[in-house]
Amino acid sequence: TLTNFIAGVVLHMEKAYRIGDFVKFDKIDGVVVETTWRTTKVRQKGVGIHSIPNGMIVKQPSVNFSKLNEHFAFVTFTASMNDKPNKVFEVVLDVVNKTHRVIKKSEADIRITRIGDYFIEYELRAWIDDYDNRRFIESDILKTIWYAFKRNNIIMPYPTNEVVNHFAHEDVH
């Protein structure tokens with residue numbers, strides 16, 4: 001208890017986080033809903049409220065995502081080997097510029113991460129200001145990329161197998 005109290009004093013003096021901040025302590029990420037001298041309570045979406053002893057918080061690395069106003073959303077997608085990378089970049093950057101929860105003042109970037117047997121894999125990095133909802137923003141971006149690819153005849157390939165019947169032309173009696 002004394003360790004947690006001292007850690008609580010340190011955390012309050014450093015102003016490491018406050019109520020409403022989106023934080024990550026070890027494997028728990030969520031919104032700080034209460035701080036006391038002894039514990040910090042974090043609401044994790046879909047899980048509940050964690051009461052974390054302050055002594056544990058000061059002993060491990062932690063991240064306060066609310067200290068920064070801008071964060072990255074990462075989206076990975078593929079396009080056909082037949083689609084020119086410059087065209088893919090152009091279409092995806094247009095999508096990003098039209099996504100309402102992406103920060104427009106900071107430019108997004110795209111890079112090729114892998115060339116496979118039938119595809120090119122890309123990674124988009126776009127700036128957002130709502131870390132708590134980054135998964136929904138990433139989902140919106142992917143959905144919009146899919147529609148943009150359809151409109152621009154860019155193919156999101158998937159593996160296929162061709163079955164060949166070697167007996168189709170033989171006359172077997």
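Student: Which residues line the largest pocket?
Tutor: This is a predicted model. In it, the lining of the largest pocket is made up of Phe22, Asp29, Gly30, Gln44, Lys45, Asp132, Arg134, Arg135 and Phe136.

Student: How much space lies in that pocket?
Tutor: The largest pocket holds about 150 Å³.

Student: Which elements give two or more residues to its lining?
Tutor: Strand 2 (28-35) and helix 4 (134-151) do. Helix 4 gives the largest share, with three residues.

Student: And how do the lining residues divide into nonpolar, polar and charged?
Tutor: Five are charged, two are polar and two are nonpolar.

Student: Take Arg134 from that list. What does its side chain meet in a salt bridge?
Tutor: The partner is aspartate 29, at 3.8 Å from N to O. Both arginine 134 and aspartate 29 are in the pocket lining.

Student: Which parts does that pair tie together?
Tutor: Arginine 134 belongs to helix 4 and aspartate 29 to strand 2, so the salt bridge links parts that lie 105 residues apart in sequence.

Student: Is arginine 134 buried or exposed?
Tutor: Buried, because its relative accessible area is 10%, under the 20% cut-off. Aspartate 29 has 21%, so it counts as partly exposed.

Student: What about Arg135, what does it pair with?
Tutor: Arginine 135 forms a salt bridge with glutamate 138, and their closest N and O atoms are 3.2 Å apart. The two are three residues apart in helix 4, so about one helical turn separates them.

Student: Buried or exposed, for glutamate 138 and for arginine 135?
Tutor: Glutamate 138 counts as buried, at 10% relative accessibility. Arginine 135 is exposed, with a relative accessible area of 54%.

Student: How many salt bridges does the count come to?
Tutor: Seven. Another of them joins the side chains of aspartate 94 and lysine 98, at 3.2 Å from N to O.

Student: Where do aspartate 94 and lysine 98 sit?
Tutor: In helix 3 (residues 85-98), four residues apart, which means a separation of about one helical turn. Lysine 98 is exposed, with a relative accessible area of 65%, whereas aspartate 94 is partly exposed at 36%.

Student: Changing topic. How many helices and strands are there in the protein?
Tutor: Four helices and eight strands. Along the sequence the pattern reads α-β-β-β-β-α-β-β-α-β-β-α.

Student: What share of the residues is buried?
Tutor: Of the 173 residues in the protein, 34% are buried. Isoleucine 128 is one of the buried residues, with a relative accessible area of 0%.

Student: Which strand is isoleucine 128 in?
Tutor: Strand 8, which covers residues 119-128. Its C-alpha is 8.9 Å from the C-alpha of lysine 104, and the two residues are 24 apart in sequence.

Student: Now the outside. Which residues make the nonpolar surface patch?
Tutor: Met81, Ile112 and Ile115 make a patch of about 280 Å².

Student: Where is isoleucine 112 placed?
Tutor: Isoleucine 112 is in strand 7, residues 109-115.

Student: Why does isoleucine 112 count as partly exposed?
Tutor: Because its relative accessibility is 38%, and partly exposed covers the range between the 20% and 50% cut-offs. Patch residues need over 30% relative accessible area, so isoleucine 112 at 38% is above that limit too.

Technical notes: Residues are numbered from 1 along each chain as its sequence is written. This is a predicted model: local features need pLDDT of at least 70, side-chain atom pairs count only at pLDDT 80 or more; totals for chains, interfaces and linings use all residues. Side-chain values use heavy atoms; hydrogens and water are left out. Patches are made of residues with over 30% relative accessible area and no salt bridge: like charges are joined within 9 Å, nonpolar side chains (Val, Leu, Ile, Met, Phe, Trp, Tyr) within 5 Å. Accessible areas come from the Shrake-Rupley method with a 1.4 Å probe; for residues, only the protein chains shown count as cover. A salt bridge is a side-chain nitrogen of Lys or Arg within 4 Å of a carboxyl oxygen of Asp or Glu. Buried means under 20% relative accessible area, exposed over 50%, partly exposed in between (1.4 Å probe, protein chains only). On a 1 Å grid over the protein atoms alone, a cavity is a set of points where a 1.4 Å probe fits but cannot get out, and a pocket is an open set with protein on both sides within 12 Å along at least five of seven lines; lining residues have an atom within 4 Å of a point. Grid points are joined across faces, edges and corners, and a volume is the space filled by probe spheres set on the points. Ala, Val, Leu, Ile, Met, Phe, Trp, Tyr, Cys and Pro count as nonpolar, Asp, Glu, Lys and Arg as charged, and the others, Gly among them, as polar.
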